[in-house]
Amino acid sequence: MKQVLGWIKLHPYSLWLLYYIPYLICFMLLEHFIDPVIIIHSALDEMIPFNEYFILPYLLWFPFMFGSLLYFLFKDKHYFQDLCFFMFLGMSISLLTYLIVPNGLNLRVDFKVDNFFAWMVQFIQNVDDSANVCPSIHVASTFSIMLVVLRYPRFKHRLLANLGSATIGISIILSTMFLKQHSVIDVIAGIMLSVVLYFVTYHLNWRRLFYSTKLHFLAD
(Lines give C-alpha, C1' and ligand atoms only; values in the text may rest on other atoms or scores of the structure.)
Protein backbone atom coordinates (compact mmCIF):
# COMPACT_ATOMS: atom_id res chain seq x y z
CA MET A 1 0.00 0.00 0.00
CA LYS A 2 2.85 2.40 0.85
CA GLN A 3 4.35 1.77 -2.57
CA VAL A 4 1.05 2.55 -4.28
CA LEU A 5 0.56 5.76 -2.28
CA GLY A 6 4.14 6.71 -2.98
CA TRP A 7 3.63 6.19 -6.71
CA ILE A 8 0.46 8.29 -6.65
CA LYS A 9 2.34 11.06 -4.83
CA LEU A 10 4.93 11.07 -7.60
CA HIS A 11 2.23 10.93 -10.27
CA PRO A 12 -0.64 13.06 -8.87
CA TYR A 13 -2.37 13.29 -12.27
CA SER A 14 -3.37 9.65 -11.70
CA LEU A 15 -6.07 11.05 -9.39
CA TRP A 16 -8.11 11.77 -12.52
CA LEU A 17 -9.34 8.20 -12.11
CA LEU A 18 -11.21 9.20 -8.97
CA TYR A 19 -13.73 10.82 -11.31
CA TYR A 20 -15.45 7.46 -11.55
CA ILE A 21 -16.65 7.74 -7.96
CA PRO A 22 -18.89 10.82 -8.42
CA TYR A 23 -19.74 9.66 -11.95
CA LEU A 24 -21.16 6.33 -10.77
CA ILE A 25 -23.01 7.97 -7.89
CA CYS A 26 -24.64 10.51 -10.22
CA PHE A 27 -25.46 7.87 -12.82
CA MET A 28 -27.16 5.62 -10.26
CA LEU A 29 -29.11 8.53 -8.77
CA LEU A 30 -30.38 9.50 -12.22
CA GLU A 31 -31.33 5.89 -12.93
CA HIS A 32 -33.26 5.68 -9.69
CA PHE A 33 -34.97 9.08 -9.46
CA ILE A 34 -35.35 10.42 -13.00
CA ASP A 35 -38.05 9.07 -15.30
CA PRO A 36 -37.80 9.62 -19.08
CA VAL A 37 -40.02 12.33 -20.51
CA ILE A 38 -38.74 11.93 -24.08
CA ILE A 39 -38.66 8.58 -25.87
CA ILE A 40 -35.87 8.43 -28.45
CA HIS A 41 -36.78 6.67 -31.69
CA SER A 42 -35.69 6.55 -35.31
CA ALA A 43 -37.12 4.66 -38.29
CA LEU A 44 -33.63 3.23 -38.78
CA ASP A 45 -33.90 1.49 -35.41
CA GLU A 46 -36.61 -0.77 -36.80
CA MET A 47 -34.30 -1.86 -39.61
CA ILE A 48 -31.58 -3.08 -37.25
CA PRO A 49 -32.23 -6.65 -36.07
CA PHE A 50 -31.62 -7.76 -32.51
CA ASN A 51 -28.57 -10.02 -32.21
CA GLU A 52 -27.49 -11.35 -28.84
CA TYR A 53 -23.96 -12.15 -30.05
CA PHE A 54 -23.18 -8.44 -30.02
CA ILE A 55 -23.02 -8.73 -26.24
CA LEU A 56 -19.35 -9.64 -26.70
CA PRO A 57 -18.23 -6.30 -28.19
CA TYR A 58 -20.71 -4.49 -25.93
CA LEU A 59 -18.96 -5.83 -22.84
CA LEU A 60 -15.59 -5.21 -24.46
CA TRP A 61 -16.23 -1.54 -23.72
CA PHE A 62 -15.08 -2.00 -20.12
CA PRO A 63 -11.58 -3.41 -20.80
CA PHE A 64 -11.25 -1.08 -23.82
CA MET A 65 -11.90 1.96 -21.65
CA PHE A 66 -9.89 1.01 -18.58
CA GLY A 67 -7.13 -0.60 -20.63
CA SER A 68 -6.68 2.61 -22.62
CA LEU A 69 -6.60 4.72 -19.48
CA LEU A 70 -4.03 2.48 -17.81
CA TYR A 71 -1.88 2.29 -20.94
CA PHE A 72 -1.59 6.07 -21.21
CA LEU A 73 -1.28 6.44 -17.44
CA PHE A 74 1.97 4.46 -17.51
CA LYS A 75 3.17 5.39 -21.00
CA ASP A 76 2.41 9.08 -21.56
CA LYS A 77 1.29 11.56 -18.94
CA HIS A 78 -0.02 14.18 -21.36
CA TYR A 79 -2.03 11.76 -23.46
CA PHE A 80 -3.49 10.30 -20.26
CA GLN A 81 -4.54 13.77 -19.14
CA ASP A 82 -6.00 14.57 -22.55
CA LEU A 83 -7.97 11.32 -22.63
CA CYS A 84 -9.31 11.88 -19.12
CA PHE A 85 -10.36 15.46 -19.87
CA PHE A 86 -11.86 14.45 -23.22
CA MET A 87 -13.74 11.38 -22.03
CA PHE A 88 -14.79 12.55 -18.56
CA LEU A 89 -16.08 15.88 -19.86
CA GLY A 90 -18.21 13.95 -22.34
CA MET A 91 -19.56 11.74 -19.56
CA SER A 92 -20.35 14.79 -17.42
CA ILE A 93 -22.16 16.57 -20.25
CA SER A 94 -24.17 13.42 -20.91
CA LEU A 95 -25.21 13.15 -17.27
CA LEU A 96 -26.22 16.81 -17.26
CA THR A 97 -28.27 16.22 -20.41
CA TYR A 98 -30.06 13.29 -18.77
CA LEU A 99 -30.92 15.56 -15.82
CA ILE A 100 -32.18 18.47 -17.92
CA VAL A 101 -33.83 16.42 -20.67
CA PRO A 102 -34.68 12.98 -19.22
CA ASN A 103 -34.86 10.52 -22.07
CA GLY A 104 -35.23 6.82 -22.69
CA LEU A 105 -35.95 4.05 -25.18
CA ASN A 106 -38.72 1.64 -26.01
CA LEU A 107 -36.75 -0.58 -28.39
CA ARG A 108 -36.16 -3.77 -26.46
CA VAL A 109 -37.59 -6.93 -27.97
CA ASP A 110 -38.65 -10.26 -26.51
CA PHE A 111 -36.12 -13.00 -27.17
CA LYS A 112 -35.52 -16.56 -26.11
CA VAL A 113 -32.90 -17.11 -23.44
CA ASP A 114 -31.56 -20.31 -24.94
CA ASN A 115 -27.82 -19.66 -24.96
CA PHE A 116 -25.13 -18.00 -22.88
CA PHE A 117 -25.10 -14.82 -24.98
CA ALA A 118 -28.85 -14.28 -24.62
CA TRP A 119 -28.53 -14.87 -20.88
CA MET A 120 -25.84 -12.17 -20.70
CA VAL A 121 -28.06 -9.75 -22.61
CA GLN A 122 -30.90 -10.43 -20.20
CA PHE A 123 -28.59 -9.80 -17.26
CA ILE A 124 -27.41 -6.48 -18.71
CA GLN A 125 -30.99 -5.40 -19.37
CA ASN A 126 -31.97 -6.27 -15.81
CA VAL A 127 -29.26 -4.09 -14.29
CA ASP A 128 -29.37 -1.28 -16.86
CA ASP A 129 -32.79 0.02 -17.79
CA SER A 130 -33.72 1.97 -20.94
CA ALA A 131 -33.37 5.43 -19.40
CA ASN A 132 -30.54 7.95 -19.79
CA VAL A 133 -29.51 7.08 -23.32
CA CYS A 134 -28.96 10.21 -25.42
CA PRO A 135 -26.18 11.03 -25.95
CA SER A 136 -24.78 7.55 -25.46
CA ILE A 137 -21.94 7.48 -22.94
CA HIS A 138 -21.00 4.04 -24.30
CA VAL A 139 -20.52 5.56 -27.75
CA ALA A 140 -19.05 8.95 -26.78
CA SER A 141 -16.36 7.43 -24.56
CA THR A 142 -15.51 4.77 -27.15
CA PHE A 143 -15.17 7.34 -29.91
CA SER A 144 -13.02 9.58 -27.73
CA ILE A 145 -10.61 6.70 -27.08
CA MET A 146 -10.44 5.96 -30.81
CA LEU A 147 -9.57 9.57 -31.59
CA VAL A 148 -6.88 9.79 -28.92
CA VAL A 149 -5.32 6.50 -30.05
CA LEU A 150 -5.26 7.75 -33.64
CA ARG A 151 -3.31 10.83 -32.50
CA TYR A 152 -0.76 8.93 -30.44
CA PRO A 153 2.51 8.76 -32.44
CA ARG A 154 4.60 6.41 -30.30
CA PHE A 155 3.02 2.99 -30.71
CA LYS A 156 5.63 0.44 -31.74
CA HIS A 157 3.24 -0.83 -34.42
CA ARG A 158 1.13 2.26 -34.99
CA LEU A 159 -0.87 0.97 -37.96
CA LEU A 160 -1.77 -2.21 -36.11
CA ALA A 161 -2.73 -0.24 -32.99
CA ASN A 162 -4.91 2.13 -35.01
CA LEU A 163 -6.62 -0.69 -36.90
CA GLY A 164 -7.18 -2.64 -33.70
CA SER A 165 -8.61 0.37 -31.89
CA ALA A 166 -10.88 1.25 -34.80
CA THR A 167 -12.12 -2.33 -35.15
CA ILE A 168 -12.87 -2.68 -31.45
CA GLY A 169 -14.42 0.78 -31.23
CA ILE A 170 -16.69 0.35 -34.25
CA SER A 171 -17.84 -3.07 -33.02
CA ILE A 172 -18.67 -1.59 -29.60
CA ILE A 173 -20.66 1.23 -31.20
CA LEU A 174 -22.57 -1.17 -33.46
CA SER A 175 -23.30 -3.45 -30.52
CA THR A 176 -25.29 -0.73 -28.74
CA MET A 177 -27.77 -0.73 -31.64
CA PHE A 178 -27.92 -4.47 -32.32
CA LEU A 179 -28.64 -5.13 -28.64
CA LYS A 180 -31.33 -2.42 -28.64
CA GLN A 181 -29.52 -0.62 -25.85
CA HIS A 182 -29.36 2.57 -27.91
CA SER A 183 -31.08 4.24 -30.82
CA VAL A 184 -29.26 5.43 -33.93
CA ILE A 185 -29.99 8.93 -32.61
CA ASP A 186 -28.13 8.20 -29.36
CA VAL A 187 -25.16 6.95 -31.34
CA ILE A 188 -25.03 9.99 -33.63
CA ALA A 189 -25.36 12.32 -30.63
CA GLY A 190 -22.51 10.51 -28.84
CA ILE A 191 -20.24 10.78 -31.88
CA MET A 192 -21.08 14.45 -32.42
CA LEU A 193 -20.37 15.20 -28.77
CA SER A 194 -16.95 13.57 -29.06
CA VAL A 195 -16.14 15.49 -32.25
CA VAL A 196 -16.87 18.79 -30.50
CA LEU A 197 -14.86 17.80 -27.43
CA TYR A 198 -11.97 16.70 -29.64
CA PHE A 199 -11.72 20.31 -30.85
CA VAL A 200 -11.94 21.59 -27.27
CA THR A 201 -9.25 19.17 -26.09
CA TYR A 202 -6.72 19.65 -28.84
CA HIS A 203 -7.35 23.15 -30.18
CA LEU A 204 -8.10 25.06 -26.98
CA ASN A 205 -5.78 25.28 -24.00
CA TRP A 206 -7.91 23.37 -21.51
CA ARG A 207 -5.01 23.07 -19.07
CA ARG A 208 -5.08 26.79 -18.26
CA LEU A 209 -8.44 26.22 -16.56
CA PHE A 210 -6.60 24.18 -13.92
CA TYR A 211 -3.38 26.19 -13.54
CA SER A 212 -4.99 28.87 -11.37
CA THR A 213 -6.78 26.36 -9.11
CA LYS A 214 -5.84 23.80 -6.49
CA LEU A 215 -6.41 21.16 -9.16
CA HIS A 216 -3.38 22.32 -11.15
CA PHE A 217 -1.65 18.97 -10.50
CA LEU A 218 -4.17 17.32 -12.84
CA ALA A 219 -2.75 19.30 -15.76
CA ASP A 220 0.92 19.69 -14.77
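M28 sits in helix α2 of this predicted model. With a relative accessibility of 54%, M28 passes the 50% cut-off and therefore counts as exposed. M28 is also one of the residues that make a nonpolar surface patch of about 790 Å². Its partners in the patch are L15, L18, I21, L24, I25, L29 and F33.

The interior offers a useful contrast to this patch. In soluble globular proteins, nonpolar side chains tend to be buried together. Here the largest nonpolar core holds 47 residues, and the members that touch the most others are W16, L69, F72, M87, F88 and M91. Two or more residues are given to this core by each of α2 (20–33), α3 (55–75), α4 (77–100), α6 (137–151), α7 and α8 (184–203). Helix α4 provides the largest share, with 11 residues. For M87, the contacts beyond four places in sequence are Y20, M65, L69, S141, S144 and I145. A second core, separate from this one, has six residues, among them M120, V121, I124 and L179.

Helix α7 is worth following along its length. Its 21 residues should span 30 Å at 1.5 Å a residue, and the C-alpha atoms at its ends are indeed 30 Å apart, so the two values agree. The buried residues of α7 are N162, S165, G169, I172, I173, S175, T176 and M177, and they pack against α3, α6 and α8. S165 gives a closer view of this helix, which covers residues 158–178. Its relative accessible area is 7%, under the 20% cut-off, so S165 is buried. Apart from residues up to four places away in sequence, S165 touches F64, M146 and V149.

The backbone also has some features to look for in the loops. Most residues other than glycine have a negative phi, and most peptide bonds are trans. Just after α7, K180 takes a positive phi of about 65 degrees. K180 belongs to the loop between α7 and α8, and because its relative accessible area is 7%, it is buried. N132 likewise has a positive phi, near 60 degrees. This residue is located in the loop between α5 and α6, and its 5% relative accessibility means that N132 counts as buried. The loop between α5 (116–127) and α6 also contains P135. The peptide bond leading from C134 to P135 is cis, its omega being near 0 degrees.

Technical notes
Residues numbered from 1 in each chain as written. Predicted model: local features only at pLDDT ≥ 70, side-chain atom pairs only at ≥ 80, totals over all residues. Heavy atoms only, no water. Helix = DSSP H or I, 4+ residues; strand = E, 2+ residues; numbered from the N terminus. Buried < 20%, exposed > 50% of the residue type's maximum accessible area, 1.4 Å probe, protein only. Contact = heavy atoms within 4.5 Å. Core = buried A, V, L, I, M, F, W, Y, C linked by side-chain atoms within 4.5 Å. Expected span 1.5 Å × (residues − 1). Patch = residues over 30% accessible without salt bridge, like charges linked within 9 Å, V, L, I, M, F, W, Y side chains within 5 Å. Areas by Shrake-Rupley, 256 points an atom, 1.4 Å probe, with all protein chains shown as cover. Salt bridge = Lys/Arg side-chain N within 4 Å of Asp/Glu carboxyl O.
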